[in-house]
Amino acid sequence: MDSYYQEALYEAQKAYNENEVPVGCVIVKDGEIIGRGYNQMEASHDPSAHAEVIAIKDACARLGTWRLSGCIMYVTLEPCLMCAALIRKSRMKRIFIGAIEPREGAFGSVVSINDLPPGGIHVESIWLYDEASENLLKQFFKELRKT
């Protein structure tokens, strides 16, 4: 597995350890991680505190611009429509996705951000079908149902 994706899994584990849905994300530019994030909705009481949003904000702050052209995202779970729109808006062209999100996925599972207007803006998605990410999510929800 790609070392950048391993870093995204590390971020997902942080979320898991804090009783957040275990999703992690990193953003890479020119071989360097410039943004990191993991889900923090519960701790921040903020429905927009998704791993992707946090990583994008981190990368933008580091670069001093909202344009993330030339950046690549690695995320452990398929982004929702909110995150997919932000990914596209920030001008990222490629995303590596660990696991399918069958309820809210916006890179082909439920809807595809690339099928929505405006036309001419496309984000290439590469599916990893990662068992580690899937297992972490399954374990989290299994434990959640016990409480």
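In this predicted model, Ile-27 has a relative accessible area of 0% and is therefore buried. A residue counts as buried when that value is under 20%, so Ile-27 meets the cut-off. Ile-27 belongs to strand β1. Along the chain, Ile-27 and Leu-68 are 41 residues apart, yet in space their C-alpha atoms are separated by 9.2 Å.

Strand β1, which covers residues 24-29, has β2 as a partner: the two run antiparallel and are joined by six bridges. Within this pairing, Lys-29 is found opposite Glu-32 of β2. The two strands form a hairpin with two residues between them, and here Asp-30 adopts a positive phi near 50°. Following the chain onward leads to β2 itself, made up of residues 32-38. Five of its seven residues are buried, which means that strand β2 is largely enclosed by the rest of the structure.

The surface offers another picture. Four residues, Arg-67, Lys-89, Arg-91 and Lys-93, come together there as a patch of positive charge. One of them, Arg-91, sits in the loop that links α4 (81-89) with β4 (94-97). How exposed is Arg-91? Its relative accessibility is 33%, so Arg-91 is classed as partly exposed. That class lies between the limits for buried, under 20%, and exposed, over 50%. Arg-91 thus contributes to the positive patch from a position in a loop, whereas Ile-27 is buried in strand β1.

Technical notes:
Residues are numbered from 1 along each chain as its sequence is written. This is a predicted model: local features need pLDDT of at least 70, side-chain atom pairs count only at pLDDT 80 or more; totals for chains, interfaces and linings use all residues. Side-chain values use heavy atoms; hydrogens and water are left out. Patches are made of residues with over 30% relative accessible area and no salt bridge: like charges are joined within 9 Å, nonpolar side chains (Val, Leu, Ile, Met, Phe, Trp, Tyr) within 5 Å. Accessible areas come from the Shrake-Rupley method with a 1.4 Å probe; for residues, only the protein chains shown count as cover. A salt bridge is a side-chain nitrogen of Lys or Arg within 4 Å of a carboxyl oxygen of Asp or Glu. Lys and Arg count as positive and Asp and Glu as negative; His and the chain ends are not counted. The place of a charge is taken as NZ of Lys, CZ of Arg, CG of Asp or CD of Glu. Helices (H or I, at least four residues) and strands (E, at least two) are DSSP runs, numbered from the N terminus. Buried means under 20% relative accessible area, exposed over 50%, partly exposed in between (1.4 Å probe, protein chains only). Two strands pair if DSSP finds at least two bridges between them.
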